[in-house]
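Please open the model in your viewer and keep the sequence panel beside it. This tour moves from one selection to the next and says what can be found at each stop.

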Amino acid sequence: MTIQNKLFQIVRVNSEYRFNSTLSFPCTIETSYRSKQGNLYTLETLVYFITKLHIKHHDYIPNADTHRIRRLHSSRSKTLN
């Protein structure tokens, strides 16, 4: 089963993400996934990106900016999807 089939189980409650009601992490926790500049992406950035896989990347960019979410660059996003 792919991650897309499990996205409905990721729920944001205040400042944390809950996975399957058994795990929760702060939205701002840094992941091990890095930008080309070496900065770590937060969980919020990655969850936001994977929930937007259905839209084109050039539409994702202004969408993320509107929500003040750090965006993944197109070259980094290819390794996630």
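The stops below begin with the sheet, go on to a helix, and end in the nonpolar core.

Keep in mind throughout that this is a predicted model.

**The sheet**

Begin by selecting β1, β2 and β3, which form an open sheet of 3 strands in the order β1-β2-β3, with antiparallel pairing. The edge strands are β1 (10-13) and β3, each of which pairs on one side only. If you look along the sheet, the twist from one strand to the next averages 25°.

Next, select β1 together with β2, two antiparallel strands that are joined by 4 bridges; among the residues to label here is V13, whose bridge partner in β2 is E16.

Then move to β2 (residues 16-19) and β3 (residues 23-26), which also run antiparallel and are joined by 4 bridges. Label Y17, and you will find F25 of β3 standing opposite. Between these two strands the hairpin has 3 residues, and N20 in this hairpin takes a positive phi near 55°.

**The helix across the sheet**

Now add helix α1, which lies across β1, β2 and β3 and runs at about 60° to β2. Since 8 of the 8 residues of α1 (residues 43-50) are buried, this helix is largely enclosed by the rest of the structure. The buried residues are L43, E44, T45, L46, V47, Y48, F49 and I50, so the list includes charged and polar names that are worth displaying as sticks.One of them, T45, lies in helix α1 and is buried, with a relative accessible area of 3%. Display the side chains of T45 and T42 to see the polar contact of 3.1 Å that joins them. Leaving aside residues up to four places away in sequence, T45 touches I69, R70 and L72.

**The nonpolar core**

What should be selected to find the members that touch the most others in the largest nonpolar core? Of its 15 residues, Y17, Y60 and L72 touch the most other members. Both α1 and α2 (57-66) supply at least two residues of this core, and α1 gives the most, with 6 residues.

For the last stop, centre the view on Y60 and show its surroundings: not counting residues up to four places away in sequence, Y60 touches Y48, F49, K52, I55, R70, R71 and L72. With L72 still displayed, you can return to T45, which also has L72 among its contacts.

Technical notes. Residues are numbered from 1 along each chain as its sequence is written. This is a predicted model: local features need pLDDT of at least 70, side-chain atom pairs count only at pLDDT 80 or more; totals for chains, interfaces and linings use all residues. Side-chain values use heavy atoms; hydrogens and water are left out. Two strands pair if DSSP finds at least two bridges between them. Buried means under 20% relative accessible area, exposed over 50%, partly exposed in between (1.4 Å probe, protein chains only). A polar contact is a pair of N or O atoms within 3.5 Å; within protein, one must be able to donate a hydrogen and the other to accept it, and residues adjacent in sequence count only if both atoms are side-chain atoms. Contact means heavy atoms within 4.5 Å. A nonpolar core is a set of buried Ala, Val, Leu, Ile, Met, Phe, Trp, Tyr and Cys residues joined through side-chain atoms within 4.5 Å. Axes are lines fitted to C-alpha atoms, for helices over the stretch in contact, and angles run from 0 to 180 degrees between N-to-C directions.
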